[in-house]
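This report describes the fold, the core and the largest pocket of one protein chain. The sequence and the structure are shown first, and the description follows.

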Amino acid sequence: MVSMRALGRDRCLELLASVPVGRVVFSMRALPAIRPVNHLVDGDSVVIRSNLGGALASAATQGGGVVVAYEADVLDPDTHTGWTVVVTGTARLVLDPARQARYERLLHPWVDEEMNCVIAIDCDLVTGYELHDEVPAGAGA
């Protein structure tokens, strides 16, 4: 049997930091849009790189920030175990030159496109779940 348990905020951020890629969910033309991106976790922020001409960067620029969700997981289809983490918060362009340069050094986009901006997503709401093997009562005794 597999059971599911909720994870605490710190564990969620630790797991999120342990993987290089996730999916950012945002609104584009009033509909949900999802893009796979690589990321890093820095304190209470998930940091991604984007293109100023892209939909997410444009939305973050127009309003000074836009609410998004960011999700990453590791799931094993054979054992039905793993974890999933979702961060919901405001995505904003990183405008401080020193922070922007630091993130550009640390985070190299996987796609072969110009990524000329850095976006930080505030970790306002963090939820996560772990699917794990449930040990039957009396097993191993």
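A residue is called exposed when its relative accessible area is over 50%, and buried when that area is under 20%. The model discussed here is predicted. Arg29, in the loop between β2 and β3, has a relative accessible area of 77% and is therefore exposed. Its phi is near 55°, which is a positive value in a residue other than glycine. Ala30 is found in the loop between β2 and β3 as well. With a relative accessible area of 70%, Ala30 is exposed, and its phi, again positive in a residue other than glycine, is near 65°.

**Overall fold**

The protein chain has three helices and nine strands. Along the sequence these elements follow the pattern β-α-β-β-β-β-α-β-β-α-β-β. The C-alpha trace spans about 60 × 35 × 30 Å along its principal axes. Of the 141 residues, 36% count as buried. Among contacts with a separation of 6 or more, 70% are between residues 24 or more positions apart.

**Strand pairing around β7**

Strand β7 (residues 81–93) pairs with β6, β9 and β8, as the table sets out.

| Strand paired with β7 | Sense | Bridges | Residues standing opposite |
|---|---|---|---|
| β6 (residues 66–76) | antiparallel | eleven | Tyr70 and Val87 |
| β9 (residues 125–133) | antiparallel | seven | Val86 and Thr127 |
| β8 (residues 117–122) | antiparallel | three | Arg92 and Ala120 |

β6 and β7 form a hairpin with four residues between the strands. In this hairpin, His80 takes a positive phi near 60°.

**Nonpolar cores**

In soluble globular proteins, nonpolar side chains tend to be buried together. The largest nonpolar core of this model has 28 residues, of which Tyr70, Val87 and Ile121 touch the most other members. At least two residues of this core come from each of α1 (9–17), β2, β3, β5, α2, β6, β7 and β8. A second, separate core holds seven residues, including Leu40, Tyr103, Leu107 and Ala120.

Two of the residues with the most core partners, Tyr70 and Val87, are also the pair that stands opposite across β6 and β7. Ile121 touches both Tyr70 and Val87, and its other contacts beyond four places in sequence include Val24, Val46, Val68 and Ala91. Asp44, Ser45, Gly89 and Thr90 are also among the residues that Ile121 touches.

**Asn38 and His39**

Which residues does Asn38 touch beyond four places in sequence? They are Pro20, Val21, Val47, Ile48, Tyr70, Leu107, His108, Pro109 and Trp110. Asn38 is placed in strand β3, and its relative accessible area of 12% is under 20%, so Asn38 counts as buried. From C-alpha to C-alpha, Asn38 and Val24 are 9.6 Å apart in space and 14 residues apart in sequence.

His39 lies in the loop between β3 and β4 (40–42). Is His39 buried or exposed? Its relative accessibility is 6%, so His39 counts as buried. The contacts of His39 beyond four places in sequence include Leu16, Val19, Gly22 and Val46. His39 also touches Pro20, Val21, Val47, Ile48, Tyr70 and Leu107, and each of these six is likewise touched by Asn38. His39 and His108 are 69 residues apart in sequence, while their C-alpha atoms are 8.9 Å apart in space.

**The largest pocket**

Rolling a probe the size of a water molecule over the atoms shows where empty space is left. The largest pocket holds about 370 Å³ of space. Its lining comprises 19 residues, and the closest to its centre are Arg35, Pro36, Val37, Ser50 and Met115. By character, the lining divides into twelve nonpolar, four polar and three charged residues.

Which elements each supply at least two residues of the lining? These are β2 (21–28), β3 (31–38), β5 (45–50) and α2 (55–63). β3 gives the most, with four residues. The elements β2, β3, β5 and α2 thus appear in the lining of the largest pocket and also in the largest nonpolar core.

Conventions: Residues numbered from 1 in each chain as written. Predicted model: local features only at pLDDT ≥ 70, side-chain atom pairs only at ≥ 80, totals over all residues. Heavy atoms only, no water. 1 Å grid on protein atoms, 1.4 Å probe; cavity = no way out; pocket = protein on both sides within 12 Å on 5 of 7 lines; lining within 4 Å. Points joined across faces, edges and corners; volume = space filled by probe spheres on them. Nonpolar A, V, L, I, M, F, W, Y, C, P; charged D, E, K, R; others polar. Pairing = 2+ DSSP bridges. Buried < 20%, exposed > 50% of the residue type's maximum accessible area, 1.4 Å probe, protein only. Core = buried A, V, L, I, M, F, W, Y, C linked by side-chain atoms within 4.5 Å. Contact = heavy atoms within 4.5 Å.
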